[in-house]
Structures are given as C-alpha cells and as structure tokens.
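User: I should like to learn how structural terms are justified from computed values. Could you take me through the model shown here?

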Amino acid sequence: MVIVAHPDDAEYGCAGTMVKWCREGMEVVLVICTDGSKGTSDREVTGPQLADIRRREQIASGEAIGLKKVVFLGYEDSMLQPTLELRRDIAREIRRYKPDVVISPSPVRNLFVTGYLGHPDHLAAGEATLSAVFPAARDYLTFPDLLDEGFEPHKVREVLITEHRDPDMWVDVSDTIELAIAALKEHVSQVGDGVEDDRWMRNWRKQAGEHHGMKYAETFRHYHLH
Ligand SMILES: [Zn+2]
C-alpha cells in the first residue's frame with residue numbers, strides 16, 4: 001500500500017518501484033489523502049472541477065502502473081492535518097487491504113535540500129500514516145468503530161519512507177522508469193508537455209543509483225516492524 005497526500009505524489013516518488021512490484025505480481029493499492037483541488041494557476045478552473053480532473057488523471061495513471069485499486073480519501077488539498085480522523089481513515093484502508101508493506105511520505109521536513117521546502121500536506125500524510133500503521137491498524141481497542149464496521153486489526157510488516165534524508169534502501173528501477181514516467185504524464189493538468197518532469201524523474205533516480213551499480217534507483221528508509 002502506497003499512501004500519499006496528492007494525486008501525482010506517488011509517481012514522482014516511487015512509481016518505478018510500484019511498476020516493478022505490480023510486474024512481480026504484488027497487489028498494490030494507492031491511497032490519496034487529498035482531492036488535489038488547489039494545484040493550478042489557471043483561474044478559469046474551479047476547485048471541484050480540478051479535483052474531478054485530477055481524480056480521472058490518477059485513475060488513468062494507476063491503470064498504466066497496474067494498480068489493484070486507487071482509494072481517494074477526499075480531504076481538502078493544502079489543508080491536510082495529521083488529525084485522528086485522517087489516522088482512522090488510513091487505518092481503515094490498512095485493515096481493509098491488509099498490506100504487508102506500506103510506503104509512506106516522511107513526516108519530517110527535510111531542510112537539507114535546496115530549491116524545495118516540502119509540502120505541509122506531505123508531512124501531515126506521513127505523520128497520519130505512521131500513526132495509522134502503529135498502533136491504530138494493529139490494536140482492536142483503538143478506533144472500536146472500525147471493528148464495528150467489520151475491519152479486523154492488521155499488522156503491517158514493513159514500512160518504507162520516501163524523501164528521507166538518510167535512505168538505506170535502493171530499488172533498481174532501470175527496467176520500469178519508462179512506464180513510471182508515462183504514468184506521471186497522465187497527470188496532464190500538472191505536467192503540461194512533461195518535458196521538464198521527464199528530466200526531473202530521470203535525474204534524481206540516476207543520481208540515486210550512481211554509487212549502487214544501478215542506472216536508475218528509487219530510495220527509501222526501510223523499517224522492519226516486530
Ligand atoms: Zn504533493
């Protein structure tokens with residue numbers, strides 16, 4: 001299960017890994033916390049219209065990647081907070097789909113990079129996701145309403161954090177990067193002709209793989225939960 005704040009976050013951060021896992025026969029579910037309704041400078045388009053466009057783009061991208069399911073939690077874009085409500089909504093999806101592995105955004109603002117400050121929604125999604133994995137999805141007494149809805153507790157075995165300052169896991173995406181980029185380009189409202197994003201998608205993965213014998217890699221901080 002991959003949990004992100006916005007439509008297109010997963011494609012930027014870990015689409016090569018998602019394509020790889022789908023090809024290997026894993027069932028991958030993508031959970032999007034917000035509706036993406038703020039991501040435009042076009043003053044002719046309304047928030048609800050944009051949310052609808054982005055939902056369709058994300059479904060098309062998910063089909064390209066080979067996802068089992070895309071879940072939209074529908075929180076307002078750019079206003080996401082790590083509330084108990086969000087934690088419960090994520091815990092519900094974890095209990096519903098019972099993933100072995102969860103990919104989460106980092107809940108910590110990384111100020112050791114230049115040119116990008118990080119998005120508050122990503123931090124909120126990361127914090128809510130980790131809190132949903134443990135303890136909310138695992139303990140039956142936490143959010144008893146989930147049990148009432150029929151969702152039994154579930155233990156996630158591994159967590160991979162994206163955009164981590166100090167990664168310790170490299171996934172070789174040399175064979176899947178082209179499809180990952182094609183999936184990102186389904187987000188037409190965000191990438192336009194896609195030329196700049198194409199370059200960006202390759203550059204960071206190339207740098208990440210450089211010292212690990214991989215043409216292109218995606219990086220994570222990996223946690224095994226006991
Ligand atoms: Zn985002």
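**From values to terms**

Analyst: Pro-105 lies in strand β4, which covers residues 101–105. The model is a predicted one, and the strand offers a convenient place to begin.

User: What makes Pro-105 count as buried?

Analyst: Pro-105 has 31 C-beta neighbours inside 10 Å. The cut-off for a buried residue is 20 or more, so Pro-105 is called buried.

User: Which residues are in contact with Pro-105, leaving aside its neighbours within four places in sequence?

Analyst: They are Val-4, Ala-5, His-122, Ala-125, Gly-126, Thr-162 and Glu-163. A further pair shows separation in sequence beside distance in space: Pro-105 and Asp-121 are 16 residues apart in the chain, and their C-alpha atoms are 9.7 Å apart.

User: Why is Glu-163, one of those contacts, called buried?

Analyst: Glu-163 has 22 other C-beta atoms within 10 Å; because the cut-off is 20 or more, the residue is buried. Glu-163 belongs to the loop between β5 (158–162) and β6 (169–172). Its phi is near 55 degrees, a positive value in a residue other than glycine.

User: Where is Asp-8 found, and what makes it buried?

Analyst: Asp-8 is in the loop between β1 (2–4) and α1. There are 25 other C-beta atoms within 10 Å of Asp-8, and therefore the residue is buried. Asp-8 is not a glycine, and its phi is positive, near 95 degrees.

User: How do you know that the protein agrees with the rule for a compact globule?

Analyst: For 226 residues, the rule gives a radius of gyration near 17 Å; the protein has 17 Å, so the two agree. Its C-alpha trace spans about 50 × 45 × 35 Å along the principal axes. The protein has eight helices and seven strands, and 47% of its 226 residues are buried. Of the contacts between residues at least 6 apart in sequence, 77% join residues at least 24 apart.

User: Which members of the largest nonpolar core touch the most other members?

Analyst: The core has 58 residues, and those touching the most other members are Val-2, Ile-3, Ala-15, Met-18, Leu-30, Cys-33 and Ala-180. Helix α4 (residues 120–136) supplies the largest share of this core, eight residues. As for Leu-30, residues up to four places away are not counted, and it touches Val-2, Ala-10, Gly-62, Leu-67 and Val-70.

User: What makes Leu-130 count as buried?

Analyst: Leu-130, a residue of helix α4, has 22 C-beta neighbours inside 10 Å. Since 20 or more are required, Leu-130 counts as buried. Leaving aside neighbours within four places in sequence, Leu-130 is in contact with Ser-104 and Pro-107. Helix α4 also holds Pro-135; the peptide bond from Phe-134 to Pro-135 is cis, with omega near 5 degrees.

User: How do you know that the span of helix α3 agrees with the expected one?

Analyst: Helix α3 (residues 84–97) has 14 residues, which should span 20 Å at 1.5 Å a residue; the end C-alpha atoms are 20 Å apart, so the span agrees. The buried residues of α3 include Leu-86, Ile-90 and Ile-94. Those buried residues pack against β1, β2, β3, α4 and α5 (144–148). Just after α3, Lys-98 takes a positive phi of about 50 degrees.

User: How many residues does helix α2 have, and what span does it reach?

Analyst: Helix α2 (residues 47–65) has 19 residues and reaches 26 Å between its first and last C-alpha atoms, close to the expected 27 Å. Among its buried residues are Leu-50, Ile-53 and Ile-65. The elements covering the buried residues of α2 include α1 (9–23), β2 (29–34) and β3 (69–75). Just after α2, Gly-66 has a positive phi of about 100 degrees.

User: At what angle do α6 and α8 pack, and is their crossing left-handed or right-handed?

Analyst: The angle between α6 and helix α8 (residues 195–209) is about 145 degrees, and their axes are 10 Å apart. The crossing is right-handed. Ile-177, Ala-180, Ile-181 and Leu-184 of α6 meet Asp-197, Asp-198, Met-201, Arg-202 and Arg-205 of α8.

Terms used
Residues numbered from 1 in each chain as written. Predicted model: local features only at pLDDT ≥ 70, side-chain atom pairs only at ≥ 80, totals over all residues. Helix = DSSP H or I, 4+ residues; strand = E, 2+ residues; numbered from the N terminus. Buried ≥ 20, exposed ≤ 12 C-beta atoms within 10 Å, placed from the backbone. Contact = placed C-beta atoms within 7 Å. Core = buried A, V, L, I, M, F, W, Y, C linked by C-beta atoms within 7 Å. Rg over C-alpha atoms; globule rule 2.2 N^0.38 Å. Expected span 1.5 Å × (residues − 1). Axes fitted to C-alpha atoms, helices over the stretch in contact; angles between N-to-C directions. Left-handed = near helix turned anticlockwise from the far one by under 90°.
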